[in-house]
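Open the model in your viewer and keep the selection tool at hand. We will go from stop to stop, and at each one you will find something to select and something to look for.

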Amino acid sequence: MSATVEQAEAPHQAYDTILTLDFGSQVTHLITRRLRELNVYSEMLPCTTKLSELKFKPKGIILSGGPYSVYEKDAPHVDPAFFDLDVPILGICYGLQELAWRLSKDNVIAGVEREFGHADLKADRHNSPVDRLFEGLAEDAMQVWMSHGDKLSQLPPGFCTIATTQNSPYAGIAHETKPIFGIQFHPEVTHTLRGKDLLKNFAVNICGAEQNWKMSKFIDQEITRIRKLVGDKGQVIGAVSGGVDSTVAARLMKEAIGDRFHAVLVDQGVMRLNEAKQVKETLGEHLGINLTVVDASERFLAGLKDVVDPEKKRKFIGNTFIDVFEEEALKIEKAAENTPTAGKVEWFLQGTLYPDVIESISFKGPSSTIKTHHNVGGLPARMMNGQGLKLIEPLRELFKDEVRALGRELGINEELVMRHPFPGPGIAIRILGDVTPERVEIARKADYIFISMIKEAGIYNNISQAYAALDTNRAIGVMGDKRQEGYIIILRAVVTTDFMTAEAYKFDMDLLMAISRRIVNEVDGVSCVTYNTTSKPPATIEMQ
């Protein structure tokens, strides 16, 4: 596969981009997802972003929902300079109120009746040249999803009403001469039945964005970008775990620079059963990728001793990962001396995804850090200050389903493409409390049984992620007519499309009971098995 693009560009420079400014809604990321499903490229930035910080001009801007009231003293507000870009703007929920509030400070009020969930919306089409938001929609009533307490008390100057609900007389508004719109409902959630069509009207029909965001094109552009960054002799070292993210990233790097890419698997002592062996076979033998396996299990387990705080676990693992990779980079440089591929190892490949970035960056505005991802927030400061290895993250703008599509384009087999994610910190963040060799072995064996039985039942691909975790508490059990105090295993299995929101998988109870029996019977030290049914949010997919 050869690159066909002349210049290396970031996606927002190569594709028409719809920019979403996030005011802290739990579903803001879905706006980006829905647009990409339409093959329209979209990115999300915090609402505190200044126009002067932007390195591209978007085709349109969407202001997201949020948990605040625009009239509150500390409420977040968009940089007014965005309104001078002369591009279409769509405000959603809080974004609608932000549009109105900036023109008149008394037209947003707390509603007498809050509106959450289903609502029937009636479009009130105007003949204004900018009123194309509901084109082809809502001939009668349109089912939408609401989530708001505040609402408009009156139209802002220069706007007209284009949609209403029983509780919101200004559920949709449009400027009379400019392509500026506001809607009180959320088109990004599936509960709004024609929501994606509305977003298409905005992005394609109003903003004029091309629907050309496709993985086949992304591959060529990313290969060109990688070659330009790395140069003709540069060496790249990359972290691989055997999961789909790092495997796809490694395969892409192999396509770009061949044997100048060096994949490294660090066995940190908290991998799944037989993981290192399987990764060596897959990457080294089947995909032809340079792979070095480094056994650092004793080093990691020693450092994790008595560390129970999950953030400290992640930070330690992230920092130690980089230490190991920097040591390995020196070995690779030395081995490459006086060879045709001799060159300094300057770059470090990671399989970071867009959800990792979204969850790990603490916006200065309304959003907050949920947890530190080892490959985003857990890196040593020296890497972020231009010292040591430099990061290269070719999947940083992609969601999980896009990575899977990319893997298929690169010829990676379906079983590996559909493999469930496995966190960089491994079983360490699935063991609540102390990480000891004994507890790692218990969690590893329970996880192997759980995943094996899911596969045997033919439902593995119906589940987005599944694993067995180990609790700190113990439960009393009776085994062989004797009282036994054993560990509690927590099973977790979720269904999701983007890993930003998720629901627990609904197992057949007979299968769940069979899994439980086998774990208790085969894993020494376990006396109780439970199943975690909590959705995300409020929970996260991983236990820590």
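Start by selecting Glu397, which sits in the loop between strand E14 (390–392) and helix H12. This is a predicted model, so every value on the tour is computed from predicted coordinates. Is Glu397 buried or exposed? Its relative accessibility is 18%, and because the cut-off for buried is under 20%, Glu397 counts as buried.

Now show what surrounds this residue. Leaving aside neighbours within four places in sequence, Glu397 is in contact with Pro11, Arg36, Tyr41, Glu43, Tyr354 and Glu402. Next, pick the C-alpha atoms of Glu397 and Thr352: they are separated by 8.6 Å, although the two residues are 45 apart along the chain.

One of the contacts of Glu397, Arg36, leads us to the next stop. Select helix H2, residues 28–37. How many of its residues are buried? The count is 9 of 10, so this helix is mostly covered. Colour the buried ones to see them: Thr28, His29, Leu30, Ile31, Thr32, Arg33, Arg34, Leu35 and Arg36. After H2 comes Asn39; look at its backbone, where phi is positive, near 65°.

Keep H2 on screen and add helix H4, residues 195–206. The two helices pack at an angle of about 75°, and their axes are 10 Å apart. H2 and H4 are therefore roughly perpendicular to each other. Where do they touch? On the H2 side, look for Arg34, Leu35 and Glu37, which meet Lys196, Leu199 and Ala203 of H4. Sorted by class, the contact of H2 with H4 has 3 nonpolar residues, 3 charged ones and no polar ones.

Let us return to H12, the helix at one end of the loop that holds Glu397. Select H12, residues 400–409, together with helix H6, residues 244–257. Their packing angle is about 45°, with the axes 10 Å apart. That angle makes H6 oblique to H12. The crossing of these two helices is left-handed. To see the contact itself, show Val244, Asp245 and Val248 in H6, then Lys400, Val403, Arg404, Leu406 and Gly407 in H12. This contact of H6 with H12 is made up of 4 nonpolar, 1 polar and 3 charged residues.

H12 has another partner to visit. Hide H6 and bring in helix H5, residues 215–230. What is the angle between H5 and H12? They pack at about 75°, with their axes 9 Å apart. H5 and H12 are therefore roughly perpendicular to each other. Met215, Ser216, Phe218 and Ile219 of H5 make the contact with Glu402, Ala405, Leu406 and Glu409 of H12. By class, the contact of H5 with H12 has 5 nonpolar, 1 polar and 2 charged residues. You have met two of these names before: Leu406 also takes part in the contact with H6, and Glu402 is in contact with Glu397.

Finally, zoom out and show the whole protein chain. Its secondary structure comes to 15 helices and 18 strands. Of its 544 residues, 59% count as buried. The accessible surface is about 23200 Å², and 47% of that belongs to carbon and sulfur atoms. For a last look at the fold, think about contacts between residues at least 6 apart in sequence: 76% of them join residues at least 24 apart.

Conventions:
Residues are numbered from 1 along each chain as its sequence is written. This is a predicted model: local features need pLDDT of at least 70, side-chain atom pairs count only at pLDDT 80 or more; totals for chains, interfaces and linings use all residues. Side-chain values use heavy atoms; hydrogens and water are left out. Axes are lines fitted to C-alpha atoms, for helices over the stretch in contact, and angles run from 0 to 180 degrees between N-to-C directions. Helices (H or I, at least four residues) and strands (E, at least two) are DSSP runs, numbered from the N terminus. Angles under 35 degrees count as roughly parallel, over 145 as roughly antiparallel, 65 to 115 as roughly perpendicular and the rest as oblique. A crossing is left-handed if the near helix is turned anticlockwise from the far one by less than a right angle, and right-handed if clockwise. Contact means heavy atoms within 4.5 Å. Ala, Val, Leu, Ile, Met, Phe, Trp, Tyr, Cys and Pro count as nonpolar, Asp, Glu, Lys and Arg as charged, and the others, Gly among them, as polar. Buried means under 20% relative accessible area, exposed over 50%, partly exposed in between (1.4 Å probe, protein chains only). Accessible areas come from the Shrake-Rupley method with a 1.4 Å probe; for residues, only the protein chains shown count as cover.
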